[in-house]
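Please open the model in a viewer and display the backbone as a cartoon. The tour below proceeds from one selection to the next and describes what is found at each stop.

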Amino acid sequence: SVTKVSYYILGEDSLEARARFAVKFVRQSFRKGLDVHCHVSSESEAQALDQLLWDDDESFIPHEIDQGNSPTAPVGIGWQDPPDRHGVLVNLGGSLPSWFSHFDHLVEIVVQQSAVLESTRANWKQLKFDGYPITQHDLRS
């Protein structure tokens with residue numbers, strides 16, 4: 001089946017706001033019983049997101065940094081292709097990973113920051129060109 005794509009557009013301009021929204025989104029997806037992978041661009045970004053998930057005082061979200069072995073937690077964080085995950089891919093890693101289409105659902109989180117705007121726009125163009133269905137959620141108020 002075709003990967004569905006959701007864009008969440010925030011009014012904030014910080015990477016912190018983007019990460020906070022990602023945690024909230026991951027929490028909601030986990031509560032729905034979905035398998036989630038957060039794609040980041042480096043090991044240090046993975047560790048930062050790992051810490052944010054541990055610090056989430058709203059609930060415990062079982063997660064792990066992906067080491068290329070079979071997933072044991074419902075939420076993974078990593079910077080390479082997790083072949084055994086197929087649920088929701090939250091792309092925080094910039095450009096579109098070449099392997100995104102083995103996921104059911106791709107999520108892009110946009111904040112008003114130049115690098116993020118640039119990569120998420122480029123991804124949108126590619127997805128649109130390739131015919132993926134995109135839903136936009138504009139959360140700017």
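Throughout this tour, contact means heavy atoms within 4.5 Å. Helices (H or I, at least four residues) and strands (E, at least two) are DSSP runs, numbered from the N terminus. This is a predicted model, in which local features need pLDDT of at least 70 and side-chain atom pairs count only at pLDDT 80 or more, while totals for chains, interfaces and linings use all residues. Residues are numbered from 1 along each chain as its sequence is written, and side-chain values use heavy atoms, with hydrogens and water left out.

**The whole chain**

Select the protein chain first. Three helices and seven strands are present, and along the sequence they follow the pattern β-α-β-α-β-β-β-β-α-β. The radius of gyration (taken over C-alpha atoms) is 14 Å, close to the 14 Å that the globule rule (2.2 Å times the number of residues to the power 0.38) gives for 141 residues, so the chain is as compact as a globular protein of that length. Along the principal axes, the C-alpha atoms fill a box of roughly 35 × 35 × 30 Å.

Buried residues (under 20% relative accessible area; exposed is over 50% and partly exposed in between, with a 1.4 Å probe and protein chains only) make up 48% of the 141 residues. The chain exposes about 7400 Å², of which carbon and sulfur atoms supply 49%; accessible areas come from the Shrake-Rupley method with a 1.4 Å probe, and for residues only the protein chains shown count as cover. Among contacts between residues at least 6 apart in sequence, 64% join residues at least 24 apart.

**The sheet**

Next, select the strands. They form an open sheet of seven strands in the order β3-β4-β2-β5-β6-β1-β7, with parallel pairing; two strands pair if DSSP finds at least two bridges between them. The edges are β3 (63-65) and β7 (134-138), each with a single partner strand, so one side of each is left without a neighbour in the sheet. On average, neighbouring strands of this sheet are turned by 20° against each other, direction ignored. For these and later angles, axes are lines fitted to C-alpha atoms, for helices over the stretch in contact, and angles run from 0 to 180 degrees between N-to-C directions.

**Strand β2**

Now select residues 36-39, which make up β2. In a regular strand the side chains alternate between the two faces of the sheet. Which residues of β2 lie on each side? Val-36 and Cys-38 are on one side, His-37 and His-39 are on the other, and all are buried.

Add residues 75-78: this is β4, which pairs with β2 in the parallel sense over four bridges. The bridge partner of His-39 in β4 is Gly-78. Then add β5 (88-91), which is parallel to β2 and joined to it by four bridges. In β5, Asn-91 stands opposite His-39, and Val-88 stands opposite Val-36.

**The loop after β2**

Proceed to Val-40, in the loop between β2 and α2 (43-55). Is Val-40 buried or exposed? Its relative accessibility is 3%, so Val-40 counts as buried. Beyond its neighbours within four places in sequence, Val-40 has contacts that include Leu-49, Ile-77, Trp-79 and Leu-92.

**Helix α1**

Select residues 15-31. Helix α1 lies across β1 (4-9), β2, β4, β5 and β6 (105-110), and runs at about 150° to β6. Its 17 residues should span 24 Å at 1.5 Å a residue (1.5 Å times one less than the number of residues), and its end C-alpha atoms are 24 Å apart, which agrees. The buried residues of α1 include Phe-21, Phe-25, Val-26 and Arg-27. Gly-33, which follows α1, has a positive phi near 85°.

**Helix α3**

Select residues 114-129. Helix α3 lies across β1, β5, β6 and β7, at about 145° to β6. Buried here are Val-116, Leu-117, Ser-119, Thr-120, Asn-123 and Leu-127; their cover includes β1, α1, β5, β6 and β7. Just after α3, Gly-131 has a positive phi of about 85°.

**The start of β1**

Finish at Lys-4, in strand β1. Lys-4 is partly exposed, at a relative accessible area of 47%. Apart from neighbours within four places in sequence, Lys-4 contacts Asp-104, His-105, Leu-106 and Pro-133. The C-alpha atoms of Lys-4 and Tyr-132 are 6.6 Å apart, although 128 residues separate them along the chain.
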